[in-house]
Amino acid sequence: MNLTLEALQILDMIDRKGSFAAAALALDRVPSALTYSVRKLEDDLDVLLFDRRGHRAKLTAAGLELLTEGRHLLHAADDLEQRVRRTATGRETELRIVLNSIIPFAKMLPLIAAFDREAGGTRLRFVPGVLSGTWEELMAGRADLVIGATLDGPEIVRTSGRFQTRPLGVVDWAFAVAPGHPLADAPEPLSPELVKQHRAVAVGDSSRSHPGITMGLLAGQETLTVPSVDDKLRAQLAGLGCGHLPRFWAQHYLDNGALLEKQTIMSKPHENFLIAWPKANQGKSLKWFLHQLSQPEIQQALLGPVTP
């Protein structure tokens, strides 16, 4: 093969530094060695890569095309090298985390900052998940950790022995409506028959291939489905529907009267939230997150009051 990573590194440095001499100094090589490497590559490819007529080494159109695409290879090679080194130390290259929208991503920032101070080098990838969608990502192998899983998971999660779960915390729910909503002045406790006459706001199940599930909805009730808990809160503040909200999201608005809590006969949504992960291939970065998420103060922070 005529083209090597070393040759691409030389082209890259000459282009960045503007001359063979400056590139040789940066690479700790003699200029003649770089000149030989470039001329050999030009002969092998039968193209002219640099226009040498001026004081600055200028790429030809062919040289620019080669270097533009070649830089992708250099970046990929560097990324591969870093991944191999991280794997050798027991660190995952990437940790894929599904975060239930009941937890604002902003609450994860202190944890991410603490993880960065570990200098582990593992890339973090967060994706949203709701209801059975969180389990779907885990079962499909697209997630290494779920934060905020609901219920106990599908039967395969409970019986396969492939996954582990741990309590994250208990969420208290408040059935809330805006002051101008028809249910605001209705006598309490609200009956299911009365609530059913009004549109509910619900966060949609993020599952793509499994039957979606719902929480806190009545059969046949008209529903406005939104992407996240934050969107659900905003819709209910706007009087566009009713429904249960996590109290730690709603409390500020209940205190200032922007929302009214109503007692109902219908049951609240499931209260227990979990973290979940596959038993196999637990690297150092996953273990670090599992340890942090077992700390009561971190659990309380994640499921604590939301600042508007």
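# Reading contacts, helices and burial

Modeller: Leaving aside neighbours within four places in sequence, phenylalanine 175 touches Leu183, Leu190, Val195, Cys242, Gly243, His244, Leu260, Glu261, Lys262, Thr264 and Met266. Keep in mind that this is a predicted model.

Colleague: Where is the place of phenylalanine 175?

Modeller: Phenylalanine 175 sits in strand S7, which covers residues 173–177.

Colleague: Is phenylalanine 175 buried or exposed?

Modeller: A residue is called buried when its relative accessible area is under 20%. Phenylalanine 175 has 3% relative accessibility, so it counts as buried.

Colleague: How far apart are phenylalanine 175 and leucine 245, in sequence and in space?

Modeller: They are 70 residues apart in sequence, while their C-alpha atoms are 6.2 Å apart in space.

Colleague: And for the protein as a whole, what percentage of contacts between residues at least 6 apart in sequence join residues at least 24 apart?

Modeller: The figure is 70%. As for burial, 43% of the 308 residues count as buried. The protein has 12 helices and 12 strands.

Colleague: Let us turn to helix pairs. At what angle do the axes of H1 and H3 cross?

Modeller: Helix H1 takes in residues 5–17 and helix H3 residues 31–45; their axes come within 10 Å and cross at roughly 115°. Angles of 65 to 115 degrees count as roughly perpendicular, and therefore H1 is described as roughly perpendicular to H3. The crossing of the two helices is left-handed.

Colleague: Which residues of H1 and H3 make the contact?

Modeller: From H1 come Ala7, Ile10, Leu11 and Ile14, and from H3 come Leu34, Ser37, Val38 and Leu41. Sorted by kind, the residues of this contact are 7 nonpolar, 1 polar and no charged.

Colleague: Now a single helix. Which residues of H5 are buried?

Modeller: Helix H5 spans residues 109–116, and Leu111, Ile112, Ala114 and Phe115 are buried in it.

Colleague: Why are the buried residues of H5 said to line one face of the helix?

Modeller: The way to read this is to look down the helix axis. Seen that way, the buried residues of H5 fall within an arc of 160°, so they line one face.

Colleague: Which exposed residues does the face of H5 turned away from its buried side carry?

Modeller: Pro110 and Asp116 are the exposed residues on that face.

Colleague: What do the buried residues of H5 pack against?

Modeller: They pack against strand S4 (123–129), together with helix H11 (284–293) and helix H12 (296–302).

Notes
Residues are numbered from 1 along each chain as its sequence is written. This is a predicted model: local features need pLDDT of at least 70, side-chain atom pairs count only at pLDDT 80 or more; totals for chains, interfaces and linings use all residues. Side-chain values use heavy atoms; hydrogens and water are left out. Axes are lines fitted to C-alpha atoms, for helices over the stretch in contact, and angles run from 0 to 180 degrees between N-to-C directions. Helices (H or I, at least four residues) and strands (E, at least two) are DSSP runs, numbered from the N terminus. Angles under 35 degrees count as roughly parallel, over 145 as roughly antiparallel, 65 to 115 as roughly perpendicular and the rest as oblique. A crossing is left-handed if the near helix is turned anticlockwise from the far one by less than a right angle, and right-handed if clockwise. Contact means heavy atoms within 4.5 Å. Ala, Val, Leu, Ile, Met, Phe, Trp, Tyr, Cys and Pro count as nonpolar, Asp, Glu, Lys and Arg as charged, and the others, Gly among them, as polar. Buried means under 20% relative accessible area, exposed over 50%, partly exposed in between (1.4 Å probe, protein chains only). The arc is that of the directions from the helix axis to the C-beta atoms.
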